[in-house]
Amino acid sequence: MARLHVVTGGSGYFGNLLVARLLERGEKVRVFDILDADDRPEEVEFVQGDIRDKQAVKQATADADVVYHNVAMVPLAKDIDAFWSVNSGGTLNLLEACRGNGVKKVVYTSSSAVFGVPETLPVDEFVTPRPAEAYGKAKLAGEEMCWRFADEGLDVSIIRPRTIMGHGRLGIMQILFDWIREGRNVPVFDGGNNKYQFVHADDLAAACILAADRAGPRAYNIGAEEFGSMRQTLQRLCEHAKTGSKVKSVPSAPAVWGMKLTSALNMSPLGAYHALMYGQDMYFDGTRAKTELGWSARYSNEDMFCES
C-alpha cells in the first residue's frame, strides 16, 4: 500500500524533482508550497501556505507517513530576517506539526553551509558544524531543532547536500554560465586548484528517499564521488560549450573583497557564503550514506555541469 509523502517546497526546483521520483515509485504525494507549479501532475495533491503559518503546516502534514522538508530561504535572497523566520522558525513549525500529526518519518534538507570553512577534510558527519554567515547559522539552528525533536521521539533524518546542479539548474553558478555562453573567460582563485564538490539533483533525491526508508534519526553528507578542482570542472565546461571561453586565475584576496562588496551593494547575485567558499577546498566523505543507505552518486562534477 502506497504511503503518503508530503514535500514542502514541492513547487521549487529540487522539490519538484523529488515529487517526480516519488511518483515513479508509486507513492502518494502531497505538495506544500506558497505557489503551485504549472506542471504539477493531477494525482499530486496541493496545499497552499507559508511555512511560517502553523495552521497551514498542520493541515499540510495531516495523515502523512513521510515529510520531506525542503522549504528554505536561500543565500541568494540575502535576507537575514527571512533566514531565521523561514529556515529556523518554519522548521520549528514543521517539526511541531509532524509530531502532533503522528508523522512516522521526517527528512530535513540542510546545507553544507553549516560547516563554514571546515578545519578538516573530507567533511564527515563527525566534523563539528561551524557556520560562518547568517544562512549557515539559520540552517544549523534547524538541524539543532531536529535533534531536539529526535531526542523526544520524532524520527528525523538530516541530509546535507553539497551545491546542487543538474537538469538545467545553474543557481549560484549562473553568472559563470552566462560568461561562458558569451565567450568570456571565467575566473578561479589562485590557480583554481581547490577541490570542490557538487551534487546532482537526482543523486540528492535518491539519498532523501533512501533516508526516508531507514528508521532512526541520522545525518548524512551527500556529494559527488567523482570530482576534482574548481579549475578542472570549469575547464571541462568551457570545452563542452565551445564558445572560446578559458579559465583564468586571479589573486583571491582582491577578488573576495570585490565579491563581498558587490554582494553587499546588491550588484551581484552572490551571497556572503559564496564569496567565502569559491576558492576554498570543500568536499564530503559519503561513507555513511554508502554503507547505511546503500546510496551511491551516479554523476561526477563534470557530468552535471555539462548537463546543466
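These legends accompany several close-up views of one predicted model.

**Figure 1. The whole chain, before we zoom in.** Welcome to the overview: the chain has 11 helices and 11 strands. Its C-alpha atoms occupy a box of roughly 55 × 35 × 35 Å along the principal axes. For 308 residues, a compact globule would be expected to have a radius of gyration near 19 Å, and the chain agrees with that expectation, at 19 Å. Of the 308 residues, 53% are buried. Keep this frame in mind as the later panels move from one local site to another.

**Figure 2. A salt bridge between R25 and D213.** Here the side chains of R25 and D213 meet, with a distance of 3.0 Å from N to O. The pair joins distant parts of the chain, 188 residues apart: R25 sits in the loop between α1 (13-24) and β2 (28-33), whereas D213 belongs to helix α6 (residues 201-213). R25 is partly exposed, with a relative accessible area of 40%. D213 is partly exposed too, with a relative accessible area of 40%. If you widen the view a little, R3 and E27 come into the picture, linked with R25 and D213 in a network of salt bridges. The chain as a whole has a count of 18 salt bridges.

**Figure 3. A salt bridge between R99 and E152.** In this view the closest N and O atoms of R99 and E152 are 2.5 Å apart. Distant parts of the chain are again linked, with R99 in helix α3 (residues 80-101) and E152 in the loop between α4 (134-151) and β6 (156-161), 53 residues apart. Both ends can be found with some accessible area: R99 is partly exposed at 41%, and E152 counts as partly exposed at 46% relative accessibility.

**Figure 4. A salt bridge between R214 and E292.** The closest N and O atoms of this pair lie 3.7 Å apart. R214 is in the loop between α6 and β10, and E292 is in helix α10 (residues 287-293), so the bridge links distant parts of the chain, 78 residues apart. A relative accessible area of 27% makes R214 partly exposed. E292, at 29%, is partly exposed as well. Readers coming from Figure 2 may like to look for helix α6 again here: D213 is in that helix, while R214 is in the loop between α6 and β10.

**Figure 5. A negative patch on the surface.** Five acidic residues make up this patch: E226, E239, E302, D303 and E307. Helix α11 (residues 301-307) gives the largest share, 3 residues. For a closer look at one member, turn to E226, which is found in the loop between β10 (218-222) and α7 (230-241). E226 is exposed, with a relative accessible area of 58%, which clears the cut-off of over 50% for an exposed residue.

**Figure 6. A cis peptide bond before P122.** The bond to look for runs from L121 to P122; this peptide bond is cis, with omega near -5°. P122 lies in the loop between β5 (105-109) and α4. Helix α4 may be familiar from Figure 3, where E152 is in the loop between α4 (134-151) and β6 (156-161).

**Figure 7. H167 and M173 in one loop.** This panel visits the loop between β7 and α5, home of H167. Although H167 is not a glycine, its phi is positive, at about 55°. H167 counts as partly exposed, at 40% relative accessibility. M173 also has its place in the loop between β7 (163-165) and α5 (174-181). At 4% relative accessibility, M173 counts as buried, because buried means under 20%. From M173 one can also look across to R236: their C-alpha atoms are separated by 15 Å, and the two residues are 63 residues apart along the chain.

**Figure 8. A positive phi at K242.** The last stop is K242, a residue other than glycine with a positive phi, near 60°. K242 is found in the loop between α7 and β11 (247-250). At 72% relative accessibility, K242 counts as exposed. Helix α7 also borders the loop of E226 in Figure 5, which runs between β10 (218-222) and α7 (230-241).

Terms used:
Residues are numbered from 1 along each chain as its sequence is written. This is a predicted model: local features need pLDDT of at least 70, side-chain atom pairs count only at pLDDT 80 or more; totals for chains, interfaces and linings use all residues. Side-chain values use heavy atoms; hydrogens and water are left out. Patches are made of residues with over 30% relative accessible area and no salt bridge: like charges are joined within 9 Å, nonpolar side chains (Val, Leu, Ile, Met, Phe, Trp, Tyr) within 5 Å. Accessible areas come from the Shrake-Rupley method with a 1.4 Å probe; for residues, only the protein chains shown count as cover. A salt bridge is a side-chain nitrogen of Lys or Arg within 4 Å of a carboxyl oxygen of Asp or Glu. Lys and Arg count as positive and Asp and Glu as negative; His and the chain ends are not counted. The place of a charge is taken as NZ of Lys, CZ of Arg, CG of Asp or CD of Glu. Helices (H or I, at least four residues) and strands (E, at least two) are DSSP runs, numbered from the N terminus. Buried means under 20% relative accessible area, exposed over 50%, partly exposed in between (1.4 Å probe, protein chains only). The radius of gyration is taken over C-alpha atoms; the globule rule is 2.2 Å times the number of residues to the power 0.38.
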